[in-house]
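Me: I should like to learn how to read a structure that is new to me. Could you take me through it feature by feature?

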Amino acid sequence: MRELRIEHNEEFQSRRDFLKICGQTLAGVAVIGFMTPIINSCSSATDPGSSVAPFNIAVDVTSLTQNNTALRTTTPDGNSLLIVRQSATTYITLLLICPHQNCGGSSMVQQQSVITCTCHGSTFNLTGQVTQGPSQANLVTYSTVYDATTKKVTIHN
């Protein structure tokens, strides 16, 4: 009779361990399911440039007389661009939409050589490289061609 009781306790213990493991697994799955949307909300799933309609525009840059100066313009669909003079014949154009959570427009502020996203504090330099997070990605840049005759840059995506 005693031997039967020991087997019963071992079986009971094994069943208890099984239920405990199942409960822990379910709790882990619930935590992961709860945390994933929170973690994903802190990053952008899409490239900010993918939402910009195709364009090809020419912009007069005669006002940019010194290197590392910039002027702001917009795409035909209203997105902000920053054209930066790197040298007398070299320009770079940045899409002013933060890759962190796609904040753009007036949320992207340029002061001297720093571009700041006022939504969450990311900063970028005048080549579009992220210098401080939370953004992990650089600003989108566009092909920019300078025409010395017209003193305009042509930008297209």
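**Reading the chain**

Reply: The chain has one helix and ten strands. Please keep in mind that this is a predicted model.

Me: In what pattern do the helix and strands follow one another along the sequence?

Reply: Read along the sequence, the pattern is α-β-β-β-β-β-β-β-β-β-β. Of the 157 residues in the chain, 29% are buried. Among the contacts with a separation of 6 or more, 43% are between residues 24 or more positions apart.

Me: How should I read a sheet, and what is the order of strands in the open sheet of six strands?

Reply: The general idea is that strands of a sheet pair through backbone hydrogen bonds, either parallel or antiparallel. Here the open sheet of six strands has the order 1-10-9-4-3-2, and its pairing is antiparallel. Strand 1 (56–60) and strand 2 (69–74) stand at the edges with a single partner strand each, so one side of each has no neighbour in the sheet. From one strand to the next, the twist averages 25 degrees.

Me: How many bridges join strand 4 and strand 9?

Reply: Strand 4 and strand 9 (residues 141–147) are paired in the antiparallel sense over two bridges. One residue to look for is L94, whose bridge partner in strand 9 is T141.

Me: Which residues does T127 touch, leaving out those up to four places away in sequence?

Reply: T127 touches Q86, I92, L94 and T141. The residue is found in the loop between strand 7 and strand 8 (130–132). T127 is partly exposed, with a relative accessible area of 34%. Its side chain and that of N125 are joined by a polar contact of 2.7 Å. T127 and T93 are 34 residues apart along the chain, and their C-alpha atoms are separated by 8.4 Å.

Me: Let us turn to hairpins. How many residues lie between strand 5 and strand 6?

Reply: Two residues lie between strand 5 and strand 6, which form a hairpin. In the turn, Q112 has a positive phi of about 55 degrees. The two strands pair in the antiparallel sense over four bridges. M108, for instance, has C117 as its bridge partner in strand 6.

Me: Which cysteines does a disulfide join?

Reply: To recognise a disulfide, look for two cysteine sulfur atoms within 2.5 Å. A search of the whole structure finds one disulfide. It joins C103 to C119, with 2.2 Å from S to S. C103 lies in the loop between strand 4 (91–95) and strand 5 (108–111), and C119 in the loop between strand 6 (114–117) and strand 7 (123–124), so the pair ties together parts that are 16 residues apart in sequence. The link of C103 and C119 is left-handed, with -115 degrees about the S-S bond. C103 counts as buried at 15% relative accessibility, whereas C119 is partly exposed at 32%.

Me: Why is there no bond between the sulfurs of C98 and C117?

Reply: The sulfur of C98 is 3.9 Å from the closest cysteine sulfur, in C117, and this is too far for a bond. C98 is buried, with a relative accessible area of 1%. C117 also counts as buried, at 1% relative accessibility.

Me: Is S122 buried or exposed?

Reply: S122 is buried, with a relative accessible area of 0%. This serine is found in the loop between strand 6 and strand 7. Leaving aside neighbours within four places in sequence, the contacts of S122 include C98 and C117, as well as H100, I115 and T116. Further contacts of S122 include Q132, G133, P134 and S135. The side chain of S122 reaches the backbone nitrogen of S135 at 2.9 Å.

Me: Finally, how are aromatic pairs described, and how many does the structure hold?

Reply: A pair of aromatic rings is described by the distance of the centres and the angle of the planes. This structure holds two aromatic pairs. One of them is formed by F55 and Y142, and it is edge-to-face: 5.2 Å centre to centre, with 85 degrees between the planes. F55 lies in the loop between helix 1 (2–40) and strand 1, and Y142 lies in strand 9, so the pair ties together parts that are 87 residues apart in sequence. Both F55 and Y142 are buried.

Conventions
Residues numbered from 1 in each chain as written. Predicted model: local features only at pLDDT ≥ 70, side-chain atom pairs only at ≥ 80, totals over all residues. Heavy atoms only, no water. Buried < 20%, exposed > 50% of the residue type's maximum accessible area, 1.4 Å probe, protein only. Pairing = 2+ DSSP bridges. Axes fitted to C-alpha atoms, helices over the stretch in contact; angles between N-to-C directions. Polar contact = N/O pair within 3.5 Å; in protein donor to acceptor, adjacent residues only side chain to side chain. Contact = heavy atoms within 4.5 Å. Phe/Tyr/Trp six-rings, centres within 6.5 Å; stacked < 30°, edge-to-face > 60°.
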